[in-house]
Amino acid sequence: MTYVLKEIVDVVKNGNDIDSTCELVSKGISEKRLTFLQFVESLEEILTSTDKEIRLNGVKAFVAVLKKLPLDFFQPEELDFINQFLCERFIDHHSFVPIVLIGIEYTVQMKNITKQMIVRYFNTIMPHFHCQSQLQNDRNTFYCILQYIFLNRLDDLRFMGPDFLYFIISSMDGERDPNNLILLFRILPQFLRHYPLGHLAEETFDVIACYFPIDFYETEESKITRDELATSLSRCLTCVEEFADFCIPLALQKLEASLKVAKLDSLHLLKLCCESFDPIKIKNHIEEIWRILKMIIMTDTEDSADEIREAAIGVLTALLYSLTIIKGDNEQEQLSDFLDIVLKSSNRFLLDTQATLFIPSIKLLCSVGKTSNYASLKIANKVYLILLNKSDVSQTEIIRIIEAMGLITNMCIQMSIDLSSIPGLETRWEEVCCYFLLYAQNELPEIKMSALKALKISTKILTNSQRTNYYCILIKLIESDTTDSIRKETLSCFKEAATYFKEEVNREIIQFNLNIFNQSNDIVLKSKWLNALCCLGKEEYFFTLISDNLCANLSEKQAETKITLRCLRDLVRNVENINLVHHFALNGGLLNFILTTWINGIKSCADFSIFRNEIILEDVSFVTNSIVKVINNSEQIQILNQFSQYFNDIMNTKINFKTLSDTQQGIHSYMVILLESILNSLNTNIKLNNVILLIENCIELSTYSNNSICSLSASRLTATLINKYIDGDENDFLIDNFKLHLESCLNLSNFNNVIIQISWITKSLSLKGHRKMLQWIDWSLSLLADPLYGKVMTQCFKMLTQTDDGYLNKECFCSVKLLYRQRIFCYVIEPLISKYNTSPESVKENYLISILYQMDGNTYVTLSPYFSKILPLLLQLLSPEQVYVLQSLQTFRNLLESKTPVLEDYLQSFVPKLLNLSQSSKYMNIRIVALQCLYNCCDYSLIKLLPLKRQVISELAKCLDDKKRLVRKEVVRTKSRWLSIDVVNDDD
């Protein structure tokens with residue numbers, strides 16, 4: 001290693017390639033081929049040089065080697081030498097400070113460093129280091145040293161007393177870098193909680209408080225957010241009890257600010273004060289706190305925006321929690337006095353139910369009441385008596401009174417307060433729910449809705465007689481023709497009642513009406529009751545009842561079957577009903593019934609209006625697929641083993657569709673739909689027999705079937721099976737064989753089926769990242785040039801970018817490669833653009849549509865390398881006479897919403913075109929999307945927008961007379977945005 005030591009001397013002198021040479025040295029030291037002492041001795045000439053630059057290079061080499069050695073490498077004696085050396089170099093010259101700080105940062109973490117060494121470091125640093133005169137990176141290094149000390153070795157420095165504390169606050173005083181500040185704000189609470197502040201408490205607080213409220217505006221390059229800084233600063237200001245006398249006045253003072261963000265920060269800080277400081281300290285400021293909170297909560301001004309009002313209510317809640325834990329004989333009296341102040345301030349709003357702040361006052365009181373049972377009882381007594389004693393009220397007031405009593409009732413239920421225990425309500429408590437029941441029968445929808453919401457809250461406290469009345473109301477509402485919102489709220493109430501009173505609801509509502517429901521021929525009534533029954537899918541008590549009633553209404557009549565399957569679709573789609581879906585999959589359950597019924601119905605050529613109805617079959621397939629998707633492997637295997645025998649003709653026998661009889665063709669075509677619903681979501685761990693034969697049969701069925709839904713199911717199943725089961729190089733010949741077969745079928749009269757099959761296989765291979773995928777994509781690109789097939793082939797490029805919720809996705813256990821869309825886009829976009837520019841007019845459109853489809857599925861990051869080639873095409877389409885103007889506009893809107901940077905340079909090109917479309921297009925949707933694009937243009941820089949402002953506002957004025965209300969609404973929104981582009985907001 002001698003040659004390395006000689007080399008390092010030359011390298012250090014020249015100051016080049018120090019790091020790589022030091023790496024060799026540190027490796028030699030680690031492997032014991034060289035000692036650290038030998039290395040230092042070799043640097044003697046450098047470290048004692050009169051040239052400070054050479055000495056600096058020597059220190060850099062010293063620290064570089066040091067940092068590459070393990071933290072437990074040095075013994076205490078060796079560390080003591082390193083410690084002394086770094087301290088001497090620290091005061092050698094100011095240019096040495098940055099590199100020495102790096103050395104100190106590493107050595108303080110070493111295993112064998114002693115208290116004396118750490119003290120020596122700080123005895124050296126404190127008189128010679130002015131933190132704020134250093135560069136940002138060097139200050140950050142110093143703060144990282146403090147972070148380690150605060151967390152691990154603070155006890156070693158405690159004896160230094162106020163001097164060390166003064167040094168810390170002096171070092172951070174004036175810090176402006178947000179990255180350094182966030183680090184300081186995160187480490188200071190640990191330090192301040194465990195280090196005595198003494199007479200420097202106020203000065204320490206002042207140094208931190210000068211940053212409140214945070215004045216920091218985020219940019220796209222910002223690694224931290226303003227909220228992170230504000231939250232960390234608030235924790236610093238409230239971390240120790242000594243800060244209470246300074247922090248509360250600070251928060252109250254800054255609440256007077258006009259900026260919304262300053263108000264929110266101040267309210268957050270005040271809330272932390274109430275949660276962190278001694279309640280006695282809080283009590284001293286209670287009157288001033290309430291005075292300011294009252295101004296925010298109980299005034300209807302811009303300053304009292306919902307967000308600020310909610311934050312103020314949060315402070316009030318924290319304040320009341322603080323009051324409830326004050327110790328002493330007059331504890332209850334303290335809380336009672338403050339509650340009286342709050343109630344007195346709210347009284348004028350409680351008496352005037354039409355006041356804007358009536359409901360906000362009720363919400364305020366509810367927040368107050370949830371702090372203690374005493375507060376809840378006092379507030380409930382006051383509010384209930386005021387509201388129950390009101391008479392001669394208008395319909396608007398009734399809605400507000402019901403909402404208010406519902407909120408108070410909810411507060412009492414959450415606090416486990418029995419209404420009969422509320423003072424003054426002992427004999428009147430039942431009137432509350434009677435009020436709700438009375439108005440639930442009102443004809444006015446708004447009143448009915450408000451009463452139902454209140455009843456839902458009050459369900460668990462209804463008396464027996466009230467519940468009987470309630471059930472009658474629910475039955476009537478379920479059976480009546482009401483608005484969608486009332487029906488939704490009715491079912492929500494029904495569901496809530498079934499949660500608390502299962503047997504009662506079953507007896508009084510369901511069983512009582514079940515016979516009438518089953519015997520009725522009224523399809524609308526059956527639909528209503530089936531929907532009501534299905535909304536109980538979360539309650540295990542009703543599983544069998546739901547399943548039996550659904551089975552009873554399947555396959556009897558077409559109309560009943562349709563409504564039952566529609567209910568089933570909604571039911572299996574709802575994630576809350578996962579346990580019920582598992583119940584359906586049980587042996588002899590609903591899934592068994594559906595599959596058995598439809599298999600028998602298709603094979604026996606029974607009622608075609610049910611068993612071969614495309615809408616019904618699609619619903620059956622969706623329900624079966626959804627159930628199979630959520631059950632476990634063993635349950636899937638059980639389903640497969642139970643029903644595979646019925647699909648033997650498709651799964652295990654070679655099909656020649658042309659030789660089949662018409663009856664057999666029909667049976668095979670419809671059976672493949674059921675087979676797809678079972679196999680589509682099978683776990684790939686479940687192996688299938690004769691997969692290749694099954695794929696070939698599916699291709700045969702998809703190619704020759706005259707039924708579009710059957711052909712589509714067979715195509716999808718082919719794609720799914722290839723994605724899941726065709727792996728390895730040895731199966732490449734199969735993919736080639738499928739391609740050759742489909743090529744030969746393109747001359748058939750029903751070539752549309754063949755193109756759809758090609759599209760699904762191409763998507764399957766692309767999702768999987770199969771080695772043959774590019775071959776199939778190239779084939780698809782070549783088919784676009786064919787005048788006969790090209791138009792249909794564009795759907796392939798649409799499918800490649802779209803995600804289907806039911807097929808070929810990870811939920812169905814298919815293989816889906818990361819960024820597959822981006823990979824396809826980058827492969828096809830240049831050939832598509834090139835072909836568009838060179839192809840004859842008869843097929844140009846095919847390439848254009850494919851380009852639009854590909855753009856629609858990708859972000860600007862993917863599009864950006866090709867944007868200069870794509871943009872001219874999009875601009876050509878922005879004219880009223882173009883067929884695909886809407887697709888082009890939607891693509892533009894997506895790009896504008898994502899603030900695509902390159903579009904900023906083309907504003908003058910496309911803004912006039914958008915204005916023309918917003919006026920000239922005869923289609924409402926096009927005019928609306930053009931206006932939305934204009935609205936999103938305002939996200940770009942003002943310097944680009946100002947030259948266009950006058951033209952845009954003038955042209956938009958002409959659109960205000962549009963005959964469609966939705967267009968006029970969009971015009972007003974867009975024009976307002978353009979008018980205000982050069983107006984500076986307060987927050988700015």
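# Loops, helices and buried residues

Visitor: Where is asparagine 690 found?
Guide: Asparagine 690 lies outside the helices named here, in a loop. Helices (H or I, at least four residues) and strands (E, at least two) are DSSP runs, numbered from the N terminus. The loop holding asparagine 690 is the one between α37 (662–679) and α38 (691–704).

Visitor: Is asparagine 690 buried, partly exposed or exposed?
Guide: This is a predicted model, where local features need pLDDT of at least 70, side-chain atom pairs count only at pLDDT 80 or more, and totals for chains, interfaces and linings use all residues. Residues are numbered from 1 along each chain as its sequence is written, and side-chain values use heavy atoms, with hydrogens and water left out. Buried means under 20% relative accessible area, exposed over 50%, and partly exposed in between (1.4 Å probe, protein chains only). Asparagine 690 has 40% relative accessibility, so it counts as partly exposed.

Visitor: Which residues is asparagine 690 in contact with, leaving aside its neighbours within four places in sequence?
Guide: Contact means heavy atoms within 4.5 Å. With sequence neighbours within four places set aside, asparagine 690 is in contact with Met651 and Asn652.

Visitor: What is the phi of asparagine 690?
Guide: Most residues other than glycine have a negative phi. Asparagine 690 is not a glycine, yet its phi is positive. The value is near 55°.

Visitor: And what is the phi of phenylalanine 813?
Guide: Phenylalanine 813 sits in the loop between α43 (790–799) and α44 (820–838). At 29% relative accessibility, it counts as partly exposed. Its phi is positive too, in a residue other than glycine, and lies near 65°.

Visitor: What is the omega of the peptide bond from phenylalanine 212 to proline 213?
Guide: Most peptide bonds are trans. Proline 213 belongs to the loop between α12 (201–209) and α13 (226–237). The bond leading into it from phenylalanine 212 is cis, with omega near -10°.

Visitor: Is serine 527 buried or exposed?
Guide: Serine 527 belongs to helix α28 (residues 523–534). Beyond four places in sequence, it is in contact with Ile563 and Cys567. Its relative accessible area is 17%, so serine 527 is buried.

Visitor: Which residues does glycine 601 touch, not counting those up to four places away in sequence?
Guide: Glycine 601 is in helix α32 (residues 590–603). Its relative accessibility is 5%, so it counts as buried. Not counting residues up to four places away, it touches Ala606 and Phe611.

Visitor: How many Å apart are the end C-alpha atoms of α25?
Guide: The expected span of a helix is 1.5 Å times one less than its number of residues. Helix α25 (residues 464–479) has 16 residues, so it should span 22 Å. The model agrees, with the ends apart by 23 Å.

Visitor: Which helices do the buried residues of α25 pack against?
Guide: Among the buried residues of α25 are Tyr470, Tyr471, Leu474 and Ile478. The buried residues of α25 pack against α23 (430–439), α24 (445–458), α26 (484–500), α27 (502–519) and α28.

Visitor: What covers the buried residues of α42?
Guide: Helix α42 (residues 773–784) buries Trp776 and Trp779, among others. The cover includes α40 (732–745), α41 (751–768), α43, α44 and α45 (841–856).

Visitor: What arc do the buried residues of α49 cover around the axis?
Guide: The buried residues of α49 are Leu907, Phe910, Val911, Leu914, Leu915, Leu917 and Ser918. They lie on the same side of α49, because their arc is narrow enough to put them there. The arc is that of the directions from the helix axis to the C-beta atoms. It covers only 160°.

Visitor: At what angle do α49 and α51 pack?
Guide: Two packed helices are described by the angle between their axes and the distance between the axes. Axes are lines fitted to C-alpha atoms, for helices over the stretch in contact, and angles run from 0 to 180 degrees between N-to-C directions. The axes of α49 (residues 907–920) and α51 (residues 942–959) are 10 Å apart. Their angle is about 5°.

Visitor: How many nonpolar residues does the contact of α49 with α51 have?
Guide: Ala, Val, Leu, Ile, Met, Phe, Trp, Tyr, Cys and Pro count as nonpolar, Asp, Glu, Lys and Arg as charged, and the others, Gly among them, as polar. The contact has 4 polar and 3 charged residues. Its nonpolar residues number 10.
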